[in-house]
Amino acid sequence: MEITLTIDDKPVKFKSSGAVTKRYKMQFQRDFFADIATLGITMAKEDIKSTDNEKSMEFMRKIDFDLFLDIAWVFAKTADKTIPDPLTWLDGFETFPIIEILPELQDLIGLTISSKKK
């Protein structure tokens, strides 16, 4: 699955594939699945996008932003092999609106950790 999001007025592709977990381990020396388990993305998309400040703050307290940025980078790198290392890539954006991007990437995360076995 591949999606394109607009970040800082630039189109950015994100892709899930079988290589995501391996690429993540090679770049960050951590296990993708273990990090997903600690990320705390358990709230519904509606709660993440909520205009209710209390719900938004609750969500903000639960998320590890460094892990999310690493996960976003690995999906972007999977879609575009030419993107640079994570820090250089993030420096290319004036803003990186995590709260707006997270709901969109949740589907890719879910696809990566799900099974098609019936």
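1. Let's start with D9. Is D9 buried or exposed? At 75% relative accessibility, D9 counts as exposed, because the cut-off for that label is over 50%. Keep in mind that this is a predicted model. You'll find D9 in the loop between β1 and β2. Take a look at the backbone there too: D9 has a positive phi of about 65°, although D9 is not a glycine. Most residues other than glycine have a negative phi, so a positive one is worth a second look.

2. Next up is D8, which sits in the loop between β1 and β2 as well. D8 isn't a glycine either, and its phi is positive, at about 55°. How exposed is D8? With a relative accessible area of 24%, D8 is partly exposed, because that value falls between the 20% and 50% cut-offs.

3. Now the strands on either side of that loop. β1 and β2 make a hairpin with 2 residues between them. They pair in the antiparallel sense, over 6 bridges. If you'd like one pair to find on screen, try E2, which stands opposite K15 in β2. β1 also has two faces: I3, L5 and I7 are on the covered one, while E2, T4 and T6 are on the uncovered one.

4. Time to zoom out. How many helices and strands does the protein have? There are 7 helices and 2 strands. Going from the N terminus, the order is β-β-α-α-α-α-α-α-α. Of the 118 residues in the protein, 38% are buried. As for contacts with a separation of 6 or more, 71% of them link residues 24 or more positions apart.

5. On to the inside. The largest nonpolar core has 29 residues, and those that touch the most other members are F14, F32, F68, F75, W89, F96 and L105. Which elements each supply at least two residues of this core? They are β1 (2–7), β2 (10–15), α1 (20–28), α2 (32–39), α5 and α7 (98–113). The largest share, 9 residues, comes from α5.

6. F32 is a good core residue to click on. Leaving aside neighbours within four places in sequence, F32 is in contact with V20, T21, Y24, I71, V74, F75, T112 and I113. One of these partners, F75, is also on the list of core residues that touch the most other members.

7. Don't skip D70, a residue in helix α5 (residues 65–79). Why does D70 count as buried? Its relative accessibility is 13%, and that is under 20%, so D70 gets the buried label. Not counting residues up to four places away in sequence, D70 touches Y24, F28 and R30. Y24 turns up again here, as F32 is in contact with Y24 too.

8. Last, the pocket. Rolling a probe the size of a water molecule over the atoms shows where empty space is left. The largest pocket has a volume of about 170 Å³. Its lining consists of K10, P11, V12, K13, A76, D80, I83, T88, W89, G92 and F93. Two elements, β2 and α6 (86–91), give two or more residues to this lining, and β2 has the largest share, with 4 residues. What kinds of residues make up the lining? They divide into 6 nonpolar, 2 polar and 3 charged. W89 is worth finding twice: this residue lines the pocket and belongs to the largest nonpolar core.

Definitions and conventions: Residues are numbered from 1 along each chain as its sequence is written. This is a predicted model: local features need pLDDT of at least 70, side-chain atom pairs count only at pLDDT 80 or more; totals for chains, interfaces and linings use all residues. Side-chain values use heavy atoms; hydrogens and water are left out. Buried means under 20% relative accessible area, exposed over 50%, partly exposed in between (1.4 Å probe, protein chains only). Contact means heavy atoms within 4.5 Å. A nonpolar core is a set of buried Ala, Val, Leu, Ile, Met, Phe, Trp, Tyr and Cys residues joined through side-chain atoms within 4.5 Å. On a 1 Å grid over the protein atoms alone, a cavity is a set of points where a 1.4 Å probe fits but cannot get out, and a pocket is an open set with protein on both sides within 12 Å along at least five of seven lines; lining residues have an atom within 4 Å of a point. Grid points are joined across faces, edges and corners, and a volume is the space filled by probe spheres set on the points. Ala, Val, Leu, Ile, Met, Phe, Trp, Tyr, Cys and Pro count as nonpolar, Asp, Glu, Lys and Arg as charged, and the others, Gly among them, as polar. Two strands pair if DSSP finds at least two bridges between them.
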